[in-house]
Structure formats: C-alpha cells, structure tokens
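Please work through the exercises below with the sequence and the three-dimensional structure at hand. Each task is followed by a stepwise solution.

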Amino acid sequence: MSVQSAAADVDVDLRQLFASLARNWLRIVLVTLVVTGLAFAFAWLATPQYRAVAKLEIGSRESVFTRPAGTTNDDKPATDEEAVATEVQIISSPDILKQVAADLNLEKLPEFDETLKMSALSRALILVGLKSDPFDIPPEERVLKAMHDKLNVYGVEKSRVIAVEFSSEDPKLAARVADAIAQAYLASKGNAKKESNTAATGFLGPEITDLQNRVKEAEAKVAAYRAQSDLLMGGNNSVLATQQLSELSTELSRVRANRAAAEATADSVRKALQNGGTLDSVPEVLSSELIQRLLERQVELRANIADLSTTLLDNHPRIRALKSQLADLDGQIRNEGQKILKGLATQAQTAKAREDQLVAEVNTLKAASARAGEQQVELDALQRDANAQRQQLESYMASYREAASRADRNYLPVDARLLSKVQVPTEPYFPKIGPITGAAAAASLLLMAIGTLLKELFSGRAMRPAAGARFEPIEQVAMPVARTEPTVAEAEDEDSDDSVAEDRIGQGAALAPAPAERAGTEAPRPWQSRLGEIDVDKAAEKLIASGAARAIFVSPEGDEAAATAVLVAREVSDAGLRVLLLDLTASGAASRPMLDSGLFPGITNLLASEAQFSDVIHPDLYSDAHVIPVGTADPVKAMRAADRLPIIMQSLTTAYDLVVVECGPADAQGISRLVGEGTEVFLSMLEADDEVTQAAVKLIENGYPDVTLVTPVGREPGNPLPGRRSAA
C-alpha cells in the first residue's frame, strides 16, 4: 500500500475535535476572564480623551457687488482635491500651531509638556537609556509634538469642507484649541490677502508713474514722425498720396473706356460710309437732329414718289424732280456722317491724350505712394507701441484703484469660512469600556478555542479511520517465547574489563529464556544468564516512575532485539501516557511491526526537508502509541542533516510524554545526539552472550553508567487496532 493511499484512509473526527473544547473549558474560561478583566481594568483606569471638531468651508467669499470689474464668477477655478489637500497642510503647519500654543499658553500644561509632571517610571526609563530624555528637546518643539499627536486635519470626502479635530483630557480645552486653530487659519488667510494687496499697490504705484511718462514719449514720437514724413491723411483714414492714386486710377480707367468706345463708333461709321451702307444702325448718327430731319424728309420724298408712281411714269418731270431731291438728301446724309466720323475721331484723340496724361500722373503717384507706405509702416509701429503702453497704463490704473479702495475700506474677503461654532464634547471618545471589554473577551475566547482545536488536530487525537478503509495483514517481527524453567548460575569471572561492567550491572544469577526458533516448531531450552536484566514490564514501570522524557534503546544483536523498544513503548502507552517511537534502525525493524507498510514517510524524509512532522507521525496498529518510521528518502542525503536530530528530539519531547528511540546496534558516540534531559539508556538483549556484554561495557565506559539491560522474552504482541492509519 502506498503512502498516498494510506493517508487517504484518515478523516477528521469532528466530534472528538470539538469535544476538546469541553475537556478544556475551564482553562479557556479562566484565560478569557483574565484577559477580559485586564482589558476592563485598562479601560477603567485609562485617562478619558475628549475630541472637539471644527469644520471649515473652502471657497470664494466674493459677491457680485464686490467682484472686480471685468471678472465673473466663472473666472475663478473650482476648488479641487489638490487645493483642499494644500489647505489641510496649511492648517496643520507649525506656524499656526505655534501661534495657537502661544495664545492659549499650552506650554504651561503638563498634557503638552511631559517635563512638568514626569512620573518616576519615566525617569527610571530615561536613566537606563530605554527612553529619550525630553529635556534634550526645546520646550517649543515638545509642545508642537504633543499638538501634532492630538491634532487630526482631513478633508471631508466629495466636498470642500475641512475638519479640524483636536483631542484632550479637558473637553473645554479641546474645544478652545480646535476653535483657535480654525480662527488662526482664517486670520492667516486674511493676512496673506492683506500682504498681497499691499504688495500690489506698492508695485503698481511706481509702475503707473513710469508708464505715464513712457506713454507721453511714445505718442510724441508718433506725432513728430507723422509731421516729418508729411503723411497727410485722406478722407478714408489713409495716406493722401494713396487716396489720390486710387482716384486717378479710377479716372484713367474711365478715360480708357471712353476712348475705346469712340474709336469703336468711328470705325463702325467709317465702314458704313466706305461700303455704301445705311447709317441708320449707328447710334451716334441717329442721335444727330439734322440727320433725323434729313431722314424724315427722305422718307417723305420716297412716299411721294411712290404715290405719284401710280399715275405717272418715271420720266415724268415731277417724279424726276422728286428723285433728284432724294439723291441730294442722301448726299447730305453722307456729308453729315463724315462730320460725325471726324467728331468721333477727334473725341478718340482727345481721350488718348487724356489717357496719356493720367498715366503719367499715376506713375508719379505710385512712387509717392510707395514712399508713403514705407513711412506708414514705421508710423504704425510707433502707434502700436504707444497704444500698448496706454492699454497697460489703463489696466494698471484700474487694478491700482481696486487695490487701493479695498485697502482703505479694509475689505479683503477670505476664501474660507467657519461652518459652525465648535461644540464642547460631553462624552469621551476614548476609552469605550464596553467595546474594549467585549472585544477583548471575544478575541481571547476565539483565540483560546482556535488554539485548543489546533492542538487537538496536531496531536492526532481528532483523527479517525475513513469509511471503508481496509488493512492488509502484515508480518510481525518474531518475538522470543516465554521462559520454561528458571535456573540459577553463579557469575563467572571474566577479564578485568568485563568484571568492571558486571559490578556496574549487578552480580548474581538470573534466568533467561532460550531464543525461539525463527521458523518451524519452537523447542524451548534452558540457558543461563550472566547479566542482571529486567523484562518489558519492569522497564515500562521504571520509565513511568522516573518521569523520563526520552528512552534510548541500543540493540547490539540487531533487528531481532529491536522488538524490545516496541513492546516498552506499547506498555507505557497502555498506561495512559503519550508515547512516540522513533525508528533509527537501518532496516526499519522497529517501525515495521507497528505499521501496515514500509513506504510511509519518516525520519529520513524529515531530515531531507521532504516532509513535515504531521506527515511522518503515524499511529501504531496495536496500541495508542505513535511511530516515526525510517522513511523513504535517500539515507545519504538525510544523514547530511543529522545535526538537526537534537532539534527534532526537543520538539518531540515537547509534544509527547515519552519518546522511545530504537537505535539498533549503535555505540555511545552514535546516541550522543539523542541524549538530553530526562534520558534513560536501555540495552536490548535476547541472549546473555559476549556481544551484549561488550556493548554494555562500552556504553558504561563512554559515559552511560546507568545503562539498563532489558529483554522482551515472555511477551507477545497484541491484536491490531482497526482503522489507525495516521497520527495527525
């Protein structure tokens, strides 16, 4: 069976676990009552502390009627968390606390200066160097330190309110100090505004005087430059040369348009005359009154000719006269057209001359306008400088008048106010006798209950076999059979070394059984013992009577004699003591009869740091004893940590009434790490031969004169107890 499967066969017995509370109720109640009493005494005797609270609202106190002109309420940024945190630091600053301490004479109160009323205990602690001497600190620093310890300034969450808390033994003093800190803060804010206002007026006065002189100089430069450059201004607030250039350009455009129109009209008249066409389509010809009359006469003649042609022939003198008149009219109309053509040509020539004149004038004004533009740039620069200085002067003068008026009327609203007057506390906030006593009682009761339950768990008493767990039969270490016939034999003389050992162990005859056969039919035979050994019962009685904490068993005969340690451990366990057997044999001969497998983790796993105590402690199948087997780790790796054996033994002896260690055929040096206070050394034997005698002699000579020989002959192992798989 594997270690994992064996460990899975164990459950926590809750009934047994919580029954430990009932078994230890007296101790739990006594400890709880003692702790509760001490807490009650502390709360009753402690000096009561009272806490007073002052609340300040951070925000602008300016109204719409007193706010400077040109500003609105939106111009001031909203107070954020950083601003509130800054005000908190200002309130708890040393300057304000020093002012409050001086105003209230706190340095004369023992509560703020422990040197005024120092107890004898404090003086003793100072003398032995366990407490710093308060006289080494200046009185002012002692008062500030005490005030800092009693002061708590914080911003109320999600608001612009700051709470100022101060605690003291005197409720009235706590209220006075809290109110004084709040008032000192408001006064400091007012003084800061006064200093800022005074600094502003002191700065603005000389600046205004200086700016006035500079504005005069700048405006004088503008006037002088304008006069020097002859930059005359036109009607549109522009330089005269530029305005004239604009007007001439407009006139030039008009003249060019007229010339082009005259030339076009003259060309159309010329083409009409050259091609023999009519002049009726020419607007200038139609506009002539003479031509209009001639055209009307022409129409009239053509009408007469048409009327007469109905009755007369073409050679009729009258018709010929009318046609002659009509031809004369056409000649007159052409002559008038020629005159109009000459007039249009003259008009075009006049416009061309006017155009040439205007072009010359425009070119002249262009040069003058360019020079005026350059001068205007310089003039504009001087004008801008003068305007900027005038605007700055006007701004400074407005600010100066505002600051001066506030200083004269002493109106400088602080950006904070006291929400409510500080109330004198009526109940102390510390100590709260009921909550302190109740908390101490609950905590002590809970801790004692948890400690009792953990102790029960680690001890293994709260463990039970899991449902359905089965155990396979195991082979037991063969035990010697009972003695059949006692005989008496005198002690024989040995060599000098053996005689010394025999004197130590005891003289006389003793009977010992013959060793049982390891297989087949056992045939007891009498044999004679030369050493004075005791049996398992006597060894157990000796351990119980002496109150030994450790029992070291050495088995020079090997694994067969290791059964002695097992039988003694079971005997002591049956007597009601908590017993653990530690198997340090190479083959695990001592622990194997007590467990159902040789694969359990044990002392080698513990030394190799592969397991903990709870993993390597297992219950004996035949008794209430516990056992730590050899284990499954590498023995070479485990022996590298052999120096930890004394620590492990000390821990085991603390948890158990008796720790039985089976060392196998070890010597005195091998068991030196296991020996401690309250240790009994036993030598296991099956036959009183030379090997046992030599082992006893060596133990006696190496510092163990009280070694006791014990034999397991006559004892039989009991029946296994079902369901015991784990000790924890």
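The exercises concern a sheet, a cis peptide bond, salt bridges, backbone angles and a surface patch.

This is a predicted model, in which local features need pLDDT of at least 70 and side-chain atom pairs count only at pLDDT 80 or more, while totals for chains, interfaces and linings use all residues. Residues are numbered from 1 along each chain as its sequence is written, and side-chain values use heavy atoms, with hydrogens and water left out.

**Exercise 1. The open sheet**

Task: Determine the strand order of the open sheet of 8 strands, and state which strands form its edges.

Solution:
- Step 1. Helices (H or I, at least four residues) and strands (E, at least two) are taken as DSSP runs, numbered from the N terminus. Two strands pair if DSSP finds at least two bridges between them.
- Step 2. The order across the open sheet is β9-β16-β15-β10-β14-β11-β13-β12, and the pairing is mixed. The edges are β9 (534-535) and β12 (618-619), each of which pairs on one side only.
- Step 3. Strands of a sheet pair through backbone hydrogen bonds, either parallel or antiparallel. At the β12 edge, β12 and β13 (residues 626-628) run antiparallel and are joined by 2 bridges. Proline 619 stands opposite histidine 626 of β13.
- Step 4. Contact means heavy atoms within 4.5 Å. Axes are lines fitted to C-alpha atoms, for helices over the stretch in contact, and angles run from 0 to 180 degrees between N-to-C directions. Helix α20 (residues 645-655) lies across β10 (550-554), β11 (579-583), β13 and β14 (658-662), at about 140 degrees to β14. Helix α21 (residues 690-701) lies across β15 (679-684) and β16 (708-711), at about 160 degrees to β15.

**Exercise 2. A cis peptide bond**

Task: Characterise the peptide bond from phenylalanine 430 to proline 431, and describe the surroundings of proline 431.

Solution:
- Step 1. The bond is cis, with omega near 0 degrees.
- Step 2. Proline 431 sits in the loop between β5 (416-418) and α13 (433-459).
- Step 3. Buried means under 20% relative accessible area, exposed over 50%, and partly exposed in between (1.4 Å probe, protein chains only). Proline 431 has a relative accessible area of 11% and therefore counts as buried.
- Step 4. Not counting residues up to four places away in sequence, proline 431 touches Ala43, Ala46, Thr47, Pro48 and Ile436. The C-alpha atoms of proline 431 and alanine 43 are separated by 5.6 Å, although the two residues are 388 residues apart along the chain.

**Exercise 3. Salt bridges between distant parts of the chain**

Task: How many salt bridges does the structure hold? Locate the partners of lysine 542, lysine 637 and arginine 673.

Solution:
- Step 1. A salt bridge is a side-chain nitrogen of Lys or Arg within 4 Å of a carboxyl oxygen of Asp or Glu. The structure holds 16 of them.
- Step 2. Lysine 542 pairs with glutamate 680, the closest N and O atoms being 4.0 Å apart. This pair links helix α15 (residues 536-546), which holds lysine 542, to strand β15, which holds glutamate 680, across 138 residues. Lysine 542 is partly exposed at 31% relative accessibility, whereas glutamate 680 is buried at 16%.
- Step 3. Lysine 637 pairs with glutamate 610, with the closest N and O atoms 3.8 Å apart. Lysine 637 belongs to helix α19 (residues 635-639) and glutamate 610 to the loop between α17 (603-607) and α18 (613-616), 27 residues apart. Lysine 637 is partly exposed at 40%, as is glutamate 610 at 46%.
- Step 4. Arginine 673 pairs with aspartate 643, the closest N and O atoms being 3.8 Å apart. Arginine 673 lies in the loop between β14 and β15, and aspartate 643 in the loop between α19 and α20, 30 residues apart. Arginine 673 is partly exposed at 37%, and aspartate 643 is exposed at 58%.

**Exercise 4. Positive phi**

Task: Describe the setting of asparagine 105 and lysine 158, and give the phi value of each.

Solution:
- Step 1. Asparagine 105, a residue other than glycine, has a positive phi near 55 degrees. Asparagine 105 lies in the loop between α5 (94-104) and α6 (120-127) and is partly exposed at 37% relative accessibility.
- Step 2. Lysine 158, also not a glycine, has a positive phi of about 60 degrees. Lysine 158 is in the loop between β3 (151-155) and β4 (161-168) and is exposed, with a relative accessible area of 84%.

**Exercise 5. A nonpolar patch**

Task: Which residues form the nonpolar patch on the surface?

Solution:
- Step 1. Patches are made of residues with over 30% relative accessible area and no salt bridge; like charges are joined within 9 Å, and nonpolar side chains (Val, Leu, Ile, Met, Phe, Trp, Tyr) within 5 Å. Accessible areas come from the Shrake-Rupley method with a 1.4 Å probe, and for residues only the protein chains shown count as cover.
- Step 2. The patch consists of Trp25, Leu26, Val29, Leu30 and Leu33, which together have about 510 Å² of accessible area.
- Step 3. Tryptophan 25 is in helix α3 (residues 25-45) and is exposed, with a relative accessible area of 52%.
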